[in-house]
Amino acid sequence: MEMEKKFCLQCSKELHGRIDKKFCDDYCRNTYNNHQNATHNNLIRNINYVLRKNRNILESKIPSGEDMGKISRNRLIQEGFSFTYFTHIYQNKKGNLYHFCYDFGYLELENDWILVVKVKGNQG
Ligand SMILES: [Zn+2]
């Protein structure tokens, strides 16, 4: 019976033996898995970095002692804010959609203005 050839996912050597084999040996398996984990960890670290940076930018837009601030969309982008990443969305009773990065969020207003808010104690 002609068997489909299989190759080690780590070193690409041809595999013999069990059909469900993916690696030559434990060494190749461990090397491969460690690399996969490192890749995932890097991705998570990069996203966490963007979220923290977003949060800090938003925080800096609220004058001390105030609950909210206003900033132009362009200014946020200039400072390195990423609109791609946020931690959660909050919709208020009026239907306004706030995007949050941890405890700071923003609402897009007309004419490319952004309202920046911070989580109040009783806000879900
Ligand atoms: Zn191998």
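Q: Where does Tyr85 lie?
A: Happy to start there. This is a predicted model, and in it Tyr85 sits in the loop that joins H2 to strand S4 (88-91).

Q: Is Tyr85 buried, exposed or partly exposed?
A: The general idea is to count C-beta neighbours: 20 or more within 10 Å make a residue buried, and 12 or fewer make it exposed. Tyr85 has 16 inside 10 Å, so it counts as partly exposed.

Q: Which residues is Tyr85 in contact with, leaving aside neighbours within four places in sequence?
A: Those residues are Ile47, Val50, Leu51 and Asn54. Take Ile47: 38 residues separate it from Tyr85 in sequence, yet their C-alpha atoms are 7.6 Å apart in space.

Q: How can I read the spacing of residues along a helix?
A: An α-helix has 3.6 residues a turn, so residues three or four places apart point the same way.

Q: Why does the end-to-end distance of helix H1 agree with its number of residues?
A: Use the rise of 1.5 Å a residue: the 35 residues of H1 (residues 26-60) should span 51 Å, and the end C-alpha atoms are 50 Å apart, which agrees.

Q: How many residues of H1 are buried?
A: Just three of the 35, so by the neighbour count H1 is hardly covered. They are Asn54, Ile57 and Leu58, and they pack against helix H2 (73-78) and strands S5 (97-101), S6 (104-108) and S7 (113-118).

Q: What is in the largest nonpolar core?
A: It has 12 residues, among them Ile57, Leu58, Phe100, Tyr106 and Val117. At least two residues of this core come from each of H1, S5, S6 and S7. Val117 touches Asp67, Met68, Tyr98, Gly105 and Leu107, not counting residues up to four places away in sequence.

Key: Residues numbered from 1 in each chain as written. Predicted model: local features only at pLDDT ≥ 70, side-chain atom pairs only at ≥ 80, totals over all residues. Helix = DSSP H or I, 4+ residues; strand = E, 2+ residues; numbered from the N terminus. Expected span 1.5 Å × (residues − 1). Contact = placed C-beta atoms within 7 Å. Core = buried A, V, L, I, M, F, W, Y, C linked by C-beta atoms within 7 Å.
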